[in-house]
Amino acid sequence: QVQVVESGGGDVPPGGSLRLSCEASGISFRYYNLYWYRQAPGKERELVASFKVDDTITYSDSVKGRFTLSRDNATTTVYLKMSSLKPEDTAVYYCNVDNEYLHSRSYWGQGTQVTVSS
């Protein structure tokens, strides 16, 4: 059984920082690509960062230089460190753990709300 749980969201002022966590149980990161998405009200879901099995890390232009994606293979936890936050970063952030080799095995967390406001 696979379970994905995000945490760490909350309210933060502009320019602040926040770190999101995604704990994945029942898998090994050896086989999985890791993604952070976000969705703001009235907007389409947006991919913000990825960490693939070949160890490549990619960021969207909107967060590049401000967000850092990392993983802990021992605890199968994914992190998204967010700095210099802007109001437009306000969204529900979702963690997706996607099997590189068996594409039907793709798991999502419940999401965690990030609100950037004064």
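Q: Buried or exposed: which word applies to both Arg38 and Asp89?
A: The model under discussion is a predicted one. A residue counts as buried under 20% relative accessible area, and Arg38 has a relative accessibility of 6%. Asp89 belongs to the same class as Arg38, for both residues are buried.

Q: How many residues apart in sequence are the parts that the pair of Arg38 and Asp89 ties together?
A: The side chains of Arg38 and Asp89 meet in a salt bridge, with an N to O distance of 2.9 Å. Arg38 lies in strand β4 (residues 32–39), whereas Asp89 lies in the loop between β8 and β9 (91–99), so the parts tied together by this pair are separated in sequence by 51 residues.

Q: Which residue in β5 stands opposite Arg38?
A: Strands β4 and β5 run antiparallel and are joined by 5 bridges. The side chain of Arg38 also meets that of Glu46 in a salt bridge of 2.9 Å, N to O. The residue that stands opposite Arg38 in β5 is Glu46.

Q: What is the relative accessible area of Glu46?
A: Glu46 shares a salt bridge with Arg38, and Arg38 is buried. A residue that is neither under 20% nor over 50% is partly exposed. Glu46 is in that partly exposed class, and its relative accessible area is 28%.

Q: Which residues are joined into one network by salt bridges that share partners?
A: The search of the whole structure yields 5 salt bridges. One of them links Asp61 to Lys64, with the closest N and O atoms 3.3 Å apart, and Asp61 is exposed at 69% relative accessible area. Shared salt-bridge partners make one network of Arg38, Glu46, Arg66 and Asp89.

Q: What does the twist average from one strand to the next in the open sheet of 4 strands?
A: The open sheet has the antiparallel order β1-β3-β8-β7. Its edge strands, β1 (3–7) and β7 (67–72), each pair on one side only. From one strand to the next, the twist averages 15 degrees.

Q: Which residue in β8 is the bridge partner of Arg19?
A: Strand β3 (residues 18–25) pairs with strand β8 (residues 77–82) in the antiparallel sense, over 6 bridges. Within this pairing, the β8 partner of Arg19 is Lys81.

Q: Which elements give two or more residues to the largest nonpolar core?
A: The largest nonpolar core has 27 residues, and Leu20, Trp36, Leu80, Met82, Tyr93 and Val97 have the most contacts inside it. The elements contributing two or more residues to this core are β3, β4, β5 (46–51), β7, β8, β9 and β11 (112–116).

Q: What is the relative accessibility of Ser21?
A: Ser21 is placed in strand β3. Beyond neighbours within four places in sequence, the contacts of Ser21 include Val5, Trp36 and Tyr79. Ser21 counts as buried, with a relative accessibility of 12%.

Q: Which residue in the turn of the β5 and β6 hairpin has a positive phi?
A: β5 and strand β6 (residues 57–59) are paired in the antiparallel sense over 3 bridges, and Phe51 has Ile57 as its bridge partner in β6. The hairpin leaves 5 residues between the two strands. With a phi of about 75 degrees, the turn residue in question is Asp55.

Definitions and conventions: Residues numbered from 1 in each chain as written. Predicted model: local features only at pLDDT ≥ 70, side-chain atom pairs only at ≥ 80, totals over all residues. Heavy atoms only, no water. Pairing = 2+ DSSP bridges. Axes fitted to C-alpha atoms, helices over the stretch in contact; angles between N-to-C directions. Salt bridge = Lys/Arg side-chain N within 4 Å of Asp/Glu carboxyl O. Buried < 20%, exposed > 50% of the residue type's maximum accessible area, 1.4 Å probe, protein only. Core = buried A, V, L, I, M, F, W, Y, C linked by side-chain atoms within 4.5 Å. Contact = heavy atoms within 4.5 Å.
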